[in-house]
Amino acid sequence: MSDPDDAVAVVTGASAGIGEAIAQQLLAKGLTVVALQRSRPALVHPKLMFHAVDLADMEATRQVAAQVAADYPVRYLVNNAGANCPALLEDATIAEMEYVTRITLGAAMLLTQAFVPSMRVAKFGRIVNISSRAALGKMGRVVYATAKAGLIGMTRTVAIETGGDGITVNAVVPGPVETAHFNRGHPQGSVQRQTVIDMVLVRRLGTPDDIARAVVFLLDASNGFITGQALFVCGCTS
């Protein structure tokens, strides 16, 4: 995947879990990675750059995106950062919806707007948005599911608008993935954990590397005939 123009990948939420695994795999491919999130990544690598930003703050996100676009030849973008405010319908609030959609949709749109112009000039770009199987509907996730479903709609629309410029835009849709956040709600040996595993056809949880491999595949320069797609990486048929 190493690009002769020393192209750069931007990854949001690369401080842990899926985002960290994506950054690791891109670095292993020889790319420079710019991580955007509030906290510094635990990962240390000479080609890993970090810009601190609260992706729920639209003006701060806009400013950082403009600076990164000016400083680097960004040709790869992974909108991985998200937020979750679990609640049943009657308990969900508009404030929670606004917060989650700012991070999941607002930041993704601003970053895409910032980096697409240089991709158009280069006649090359790869964008992958990280959605969730919850976009199909999940109990107690009305806010999260709505935002993640919206991200698939954004993916398809941007793919239509940019396909003629050599840019592909796809979504990766993870199922249950074993991260620190997942383990807090589904500890080892718990009924909750086993219930989730029993619903997965391959009878195991996903790993961050499972998701990262799918992302890296879609980002590859040779995969220019796949766009506007939502790839479910969930151990199930959908």
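Lys-148 lies in helix α4, and in this predicted model the residue is buried, with a relative accessible area of 3%. Leaving aside neighbours within four places in sequence, Lys-148 is in contact with Thr-104, Ile-130, Ser-131, Ser-132 and Ala-135. Ala-122, although 26 residues away along the chain, does not belong to those surroundings in any direct sense of distance, as the C-alpha atoms of Lys-148 and Ala-122 are separated by 29 Å.

The helix that carries Lys-148 also packs on a sheet, where α4 touches β5, β6 and β7 and its direction makes about 160 degrees with that of β6. This sheet is open and consists of seven strands in the order β3-β2-β1-β4-β5-β6-β7, with parallel pairing. Its edge strands are β3 (48-52) and β7 (230-233), each of which pairs on one side only, and neighbouring strands are turned against each other by 20 degrees on average, direction ignored. Within the sheet, β1 and β4 pair in the parallel sense over four bridges, and Leu-77 of β4 is the bridge partner of Val-10. A further helix, α7 (residues 208-219), lies across β4, β5, β6 and β7 and runs at about 165 degrees to β6.

The two helices can be set side by side as follows.

| Helix | Strands touched or crossed | Angle to β6 |
|---|---|---|
| α4 | β5, β6 and β7 | about 160 degrees |
| α7 | β4, β5, β6 and β7 | about 165 degrees |

Val-10 and Leu-77 return in the largest nonpolar core, which has 33 residues; together with Leu-36, Val-68, Phe-115 and Ile-127 they touch the most other members. At least two residues of this core are supplied by each of β1 (8-12), β2 (32-37), α2 (58-71), β4, α3, α4 (142-162) and β6 (167-174), while the largest share, nine residues, comes from α3. A second, separate core of 29 residues includes Ala-23, Phe-124, Ile-130 and Leu-219. Returning to the larger core, one of the residues that touch the most other members is Val-68, and its contacts, leaving aside neighbours within four places in sequence, are Val-10, Val-34, Leu-36, His-51, Val-74 and Phe-115.

Phe-124, a member of the second core, also takes part in an aromatic pair. The count of such pairs comes to one: Tyr-76 and Phe-124 are arranged edge-to-face, at 5.6 Å centre to centre and with 75 degrees between the planes. Because Tyr-76 lies in strand β4 (residues 74-79) and Phe-124 in the loop between α3 (94-122) and β5 (125-130), the pair ties together parts that are 48 residues apart in sequence. Tyr-76 counts as buried at 0% relative accessibility, and Phe-124 is likewise buried, with a relative accessible area of 16%.

Helix α6 (residues 191-199) shows how burial can be distributed around a helix, its buried residues being Arg-193, Val-196 and Ile-197. These residues cover an arc of only 100 degrees around the axis, and therefore lie on the same side of α6. On the other side of α6, Val-191 and Met-199 are exposed, whereas the cover over the buried residues includes α5 (180-185).

Technical notes:
Residues numbered from 1 in each chain as written. Predicted model: local features only at pLDDT ≥ 70, side-chain atom pairs only at ≥ 80, totals over all residues. Heavy atoms only, no water. Buried < 20%, exposed > 50% of the residue type's maximum accessible area, 1.4 Å probe, protein only. Arc of directions from axis to C-beta. Contact = heavy atoms within 4.5 Å. Phe/Tyr/Trp six-rings, centres within 6.5 Å; stacked < 30°, edge-to-face > 60°. Core = buried A, V, L, I, M, F, W, Y, C linked by side-chain atoms within 4.5 Å. Pairing = 2+ DSSP bridges. Axes fitted to C-alpha atoms, helices over the stretch in contact; angles between N-to-C directions.
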